[in-house]
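Please open the model in your viewer and keep the sequence panel beside it, since this tour moves from one selection to the next.

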Amino acid sequence: MSFIKIQFFIGFLILISGCTFYQDKLSTEKKLGNISIETPNTRFNIILKKHLNRIFNYKHNNVGKFILKSEISFTSSNTLSVSGLNELKSTKATIKYTLIELKSSKTVTSGSIVTFPALSASSSSLYSNDVSLEHIKERLSISSAKKLYMHIKLIIQKLN
């Protein structure tokens, strides 16, 4: 009986030590902190810049190797619901970006990323339609920042 308890205790220790080693591996993941971000001073571009700075782990006193110039714009169109009875508004975000190396002032890459459309229901209230559209644009700005981060991360890994 005590032999089973000892085996259970040893198995439990192995399980716990395996989880702690995995956590250490996750915390030592290398962040890209050498990219400074420039965006125009509009509301959603500032939201994009704030989330990109957070994702890239950018510190203001660090000297960056790259400059990322980005700008977000939105396009909306009217669509019908699946049943065809209600009119919905479909909104897409487009990010135009340019990655520039500071030393040589050469453009490493540039392009645009288009997000999947986000739908908002139409209401009889103009205020609720405007607020819904603002919330959708904020969510699209955040998800666009994540997409742009993954794209830039792949490009920088190819450079190294």
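Begin by selecting residues 43-56, which make up helix 2 in this predicted model. The helix has 14 residues, and from its first C-alpha to its last it reaches 20 Å, close to the 20 Å expected at 1.5 Å a residue.

Within that selection, now show the side chains of Phe44, Asn45, Ile47, Leu48, His51, Leu52, Asn53, Ile55 and Phe56, which are the buried residues of helix 2. What do the buried residues of helix 2 pack against? To see the partners, add strand 1 (35-38), strand 2 (66-80), strand 3 (87-101) and helix 3 (126-159) to the view, for the buried residues of helix 2 pack against each of these elements. Before leaving the helix, step on to Asn57, the residue that follows helix 2, and note that its phi is positive, near 60°.

Next, select Arg43 together with Glu134 and Glu138. Arg43 forms a salt bridge with Glu134, in which the closest N and O atoms are 2.6 Å apart. Because Arg43 lies in helix 2 and Glu134 in helix 3, this pair ties together parts that are 91 residues apart in sequence. Arg43 also forms a salt bridge with Glu138, with the closest N and O atoms 2.4 Å apart. Here, too, Arg43 lies in helix 2 while Glu138 lies in helix 3, so the pair ties together parts that are 95 residues apart in sequence. Through salt bridges that share partners, Arg43, Glu134 and Glu138 are joined into one network, and the structure holds 2 salt bridges.

Are these residues buried, partly exposed or exposed? Arg43 counts as partly exposed because its relative accessibility is 44%, Glu134 is partly exposed with a relative accessible area of 29%, and Glu138 counts as partly exposed at 24%.

Now turn to helix 1 (residues 2-27) and select Ile6, which lies in it. Adding Phe9, Ile10, Leu13 and Ile14 to Ile6 shows a nonpolar patch on the surface, with about 500 Å² of accessible area together. Ile6 itself counts as partly exposed, because its relative accessibility is 48%.

Finally, deselect everything and look at the whole protein, which has 3 helices and 5 strands, following the pattern α-β-α-β-β-β-β-α along the sequence. Of its 160 residues, 31% count as buried, and the accessible surface comes to about 11200 Å², of which 60% belongs to carbon and sulfur atoms. Among contacts between residues at least 6 apart in sequence, 63% join residues at least 24 apart.

Definitions and conventions
Residues are numbered from 1 along each chain as its sequence is written. This is a predicted model: local features need pLDDT of at least 70, side-chain atom pairs count only at pLDDT 80 or more; totals for chains, interfaces and linings use all residues. Side-chain values use heavy atoms; hydrogens and water are left out. Helices (H or I, at least four residues) and strands (E, at least two) are DSSP runs, numbered from the N terminus. The expected span of a helix is 1.5 Å times one less than its number of residues. Buried means under 20% relative accessible area, exposed over 50%, partly exposed in between (1.4 Å probe, protein chains only). Contact means heavy atoms within 4.5 Å. Patches are made of residues with over 30% relative accessible area and no salt bridge: like charges are joined within 9 Å, nonpolar side chains (Val, Leu, Ile, Met, Phe, Trp, Tyr) within 5 Å. Accessible areas come from the Shrake-Rupley method with a 1.4 Å probe; for residues, only the protein chains shown count as cover. A salt bridge is a side-chain nitrogen of Lys or Arg within 4 Å of a carboxyl oxygen of Asp or Glu.
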